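Welcome! Please take a look at the sequence and the structure below, and then read on for a short tour.

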Amino acid sequence: MARRLAQTLGHEFMAALTTAGVGVSDIDYVLCTHLHVDHVGWNCRLEDERWVPTFPNARYLMPAADEEIQRARHSDLYVESVLPVIEAEQVELVEAGHKLGEHVTLIPAPGHTQGNVSGGSIRSHFLPDRHPSSRVPN
């Protein structure tokens, strides 16, 4: 199931990047706020029957707590969308308090997943999947 879902995710997003003149090699960072399929399904693409990182030059930031849980499960999600990025040595496992440059700090946003993070700065804040009814198991 993860393979079929991963192959359908991101087409509009990737088309929007292309329209904006941004290629996959131009992306420096990918922040996975948590490790559910709708947030990591486009981390990798199938190339010659192998899952490879979609953004070959990017550092993928992933919550350490979520990675630990998904690694233990070793599900299709992990094998197809997380492990290939780890094996390519492009992952940085992060926790709340991690800084993205000088102006953005990751803050804990537990509830949706164990390691869910959001981030903010003096001027902005982002809240991934923060809905009152969104409390689901990892």
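## The nonpolar core

In this predicted model, the largest nonpolar core has 17 residues, and the members that touch the most others are Val-30, Phe-55, Tyr-60, Met-62 and Val-82. Two or more residues of this core come from each of two elements, strand 4 and helix 5 (76-81). As background, nonpolar side chains in soluble globular proteins tend to be buried together.

Val-82 is a good place to look around. Beyond its neighbours within four places in sequence, Val-82 is in contact with Leu-35, Val-40, Met-62 and Leu-77.

## The sheet and a helix across it

Next, find the open sheet. Three strands build it in the order 1-4-5, and their pairing is parallel. Strand 1 (29-31) and strand 5 (91-94) are at the edges with a single partner strand each, so one side of each has no neighbour in the sheet. On average, neighbouring strands here are turned by 25° against each other, direction ignored.

How many bridges join strand 1 to strand 4? There are three, and the two strands run parallel. Two of the core residues meet here: Val-30 has Tyr-60 in strand 4 as its bridge partner. Helix 4 (residues 64-73) lies across strand 4 and strand 5, and runs at about 80° to strand 4.

## An aromatic pair

The model holds one aromatic pair. Its partners are Trp-42 and Phe-55, arranged edge-to-face, with 5.8 Å centre to centre and 80° between the planes. Trp-42 sits in the loop between helix 3 (37-40) and strand 2 (44-47), while Phe-55 sits in the loop between strand 3 (50-53) and strand 4 (59-63), so the pair ties together parts that are 13 residues apart in sequence.

Are these two rings buried or exposed? Trp-42 is partly exposed, because its relative accessibility is 22%, whereas Phe-55 is buried, with a relative accessible area of 2%. Phe-55 is also one of the core residues that touch the most other members.

## The cysteines

A disulfide is a covalent bond between the sulfur atoms of two cysteines. The count of disulfides in this model is zero. Cys-32 is in none, and the nearest cysteine sulfur to it belongs to Cys-44, 9.3 Å away.

Why is there no bond from Cys-44 to Cys-32? Their sulfurs are 9.3 Å apart, which is too far for a bond, because a disulfide needs the two sulfur atoms within 2.5 Å. Cys-32 is buried, at 1% relative accessibility, and Cys-44 is buried too, with a relative accessible area of 4%.

Terms used: Residues numbered from 1 in each chain as written. Predicted model: local features only at pLDDT ≥ 70, side-chain atom pairs only at ≥ 80, totals over all residues. Heavy atoms only, no water. Phe/Tyr/Trp six-rings, centres within 6.5 Å; stacked < 30°, edge-to-face > 60°. Helix = DSSP H or I, 4+ residues; strand = E, 2+ residues; numbered from the N terminus. Buried < 20%, exposed > 50% of the residue type's maximum accessible area, 1.4 Å probe, protein only. Core = buried A, V, L, I, M, F, W, Y, C linked by side-chain atoms within 4.5 Å. Contact = heavy atoms within 4.5 Å. Pairing = 2+ DSSP bridges. Axes fitted to C-alpha atoms, helices over the stretch in contact; angles between N-to-C directions.
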